[in-house]
Amino acid sequence: MAALKFLALAVQVRILISQQNAIMKRTTLLLLAVAALFCVSCNNRPKYSEELQQTAPALCKGAEKKLVCMDLDATLTQHKTPLSDSARQALDKLGERYALLMVGGGGAERIHKQMLDYPIDVLGNYGMEEARVVDGEWKIVRKEVCPVDTASVLAKCQALREKYGYTEYYGKSVEIHASGMLTFGLLGTEAPKEEKLAFDPDKAKRRAMYKEVCEDFSDYSVFIGGSTSFDMTPKQYNKYDAIMRFAEENGYTRDEIIFIGDDLDDGGNDSHVRLGGMDYIRVYDYRDFPKLVEPLLQ
Ligand SMILES: [Mg+2]
């Protein structure tokens with residue numbers, strides 16, 4: 001349909017071009033090229049109707065939904081940017097009907113700040129941290145840390161570097177966080193930003209070694225994170241297990257939960273939700289969030 005419209009537009013523009021001077025012709029051709037690029041990008045994106053057809057059965061399946069869990073970056077907001085008014089309004093509407101839970105890979109404080117203090121329960125660091133709204137006040141109620149076998153972690157990272165050719169790096173080979181989480185950046189902890197951004201934009205380099213990293217770090221949940229890294233959390237901390245723990249503690253069954261996220265493919269930081277069999281809505285563009293959740297409000 002879009003192709004037919006574009007063809008009709010092209011014919012009209014051709015007629016216009018034949019009636020114009022040279023400068024106008026160039027301008028018109030430039031506009032036509034921009035329109036063509038727009039058409040192509042639109043066609044490559046899943047359409048809402050298709051997406052909702054895919055997700056509608058999940059939304060209707062099983063028990064009535066009571067708890068809506070969400071990722072933040074690229075789901076509700078642009079990466080590490082504040083909550084927009086439209087996203088806030090969508091959350092307000094959802095909150096009238098459901099219990100809401102933000103489930104992030106980052107720390108609970110960072111999530112709360114990015115959401116401009118929006119009053120919502122938060123599981124941070126893949127469930128290592130929990131924050132609740134109690135009597136209108138947002139506070140962290142649980143913060144867990146895990147010990148790390150540093151020598152073993154360094155040896156495994158070095159072996160992977162040697163096997164895949166990443167023996168040269170900036171700073172440290174792996175960042176070991178106080179929580180026990182690990183960030184194994186293939187370019188190291190001090191790599192220049194431009195170099196990091198250009199390193200693996202389609203994640204192909206990290207996908208090629210993902211399976212082996214998972215095998216080597218079998219006591220961790222492994223995610224392809226950031227621009228150059230594998231993020232690792234002690235095995236029991238991932239979004240699926242974090243949500244299920246919250247559900248058990250607060251009286252929800254899995255069928256009563258729906259998750260909304262963007263990074264559900266293998267290696268993605270929402271992937272455990274899909275693999276665990278929880279119902280979910282996939283977000284391709286965070287600006288679509290208010291529209292994507294409309295079926296939940298009908
Ligand atoms: Mg995300």
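Two strands count as paired here if DSSP finds at least two bridges between them, and that is the rule behind the sheets in these views of a predicted model.

**View 1. The seven-stranded sheet, laid out strand by strand.** This open sheet runs in the order β5-β4-β3-β2-β1-β10-β11, and its pairing is mixed. At the edges sit β5 (137-143) and β11 (279-282); each has a single partner strand, so one side of each goes without a neighbour in the sheet. On average, neighbouring strands are turned by 20° against each other, if you ignore direction.

**View 2. Helix α9 on the seven-stranded sheet.** Helix α9, residues 239-250, packs on this sheet and touches β1 (67-70), β2 (99-103), β3 and β10 (257-261). Its direction makes about 145° with that of β2.

**View 3. Where β3 meets β4.** Zoom in on strand β3 (residues 121-124) and strand β4 (residues 129-134): they run antiparallel, and three bridges join them. Look for G124, whose bridge partner in β4 is E129.

**View 4. Y98, in the loop ahead of β2.** Y98 is found in the loop between α4 (85-97) and β2. Is Y98 buried or exposed? Y98 has 20 C-beta neighbours inside 10 Å, so Y98 counts as buried. Leaving out residues up to four places away in sequence, Y98 touches K65, K66, L67 and V68. Y98 and I257 are 159 residues apart along the chain, yet their C-alpha atoms are separated by 9.7 Å.

**View 5. The largest nonpolar core, with I260 in the frame.** This core has 43 residues, and the ones touching the most other members are C69, F259 and I260. Which residues does I260 contact once its neighbours within four places in sequence are set aside? For I260 they are V68, M70, D71, T75, Y280, I281, V283 and V293. Another core of 14 residues lies apart from this one, with F184, F217, I224 and M232 among its members. As background, nonpolar side chains tend to be buried together in soluble globular proteins.

**View 6. The four-stranded sheet and its helix.** This second view of an open sheet shows four strands in the order β6-β7-β9-β8, with antiparallel pairing. Here β6 (175-176) and β8 (220-225) stand at the edges, and because each has a single partner strand, one side of each is left without a neighbour in the sheet. Helix α8 (residues 204-216) lies across β8 and β9 (229-234), running at about 170° to β8.

**View 7. The β6-β7 hairpin, residue by residue.** β6 and strand β7 (residues 182-185) run antiparallel and are joined by two bridges. In those pairings, I176 has L182 as its bridge partner in β7, while E175 is partnered by T183. The hairpin has five residues between the strands, and G180 takes a positive phi near 105°.

**View 8. β7 against β9.** Four bridges join β7 to β9, and the two run antiparallel. One pair to pick out is F184 with F230, its bridge partner in β9. F184 also turns up in the core of 14 residues.

**View 9. Helix α6 and the glycine just after it.** The 15 residues of helix α6 (residues 150-164) reach 21 Å from the first C-alpha to the last, close to the 21 Å expected at 1.5 Å a residue. Just after α6 comes G165, which takes a positive phi of about 80°.

Terms used: Residues numbered from 1 in each chain as written. Predicted model: local features only at pLDDT ≥ 70, side-chain atom pairs only at ≥ 80, totals over all residues. Contact = placed C-beta atoms within 7 Å. Axes fitted to C-alpha atoms, helices over the stretch in contact; angles between N-to-C directions. Expected span 1.5 Å × (residues − 1). Core = buried A, V, L, I, M, F, W, Y, C linked by C-beta atoms within 7 Å. Buried ≥ 20, exposed ≤ 12 C-beta atoms within 10 Å, placed from the backbone.
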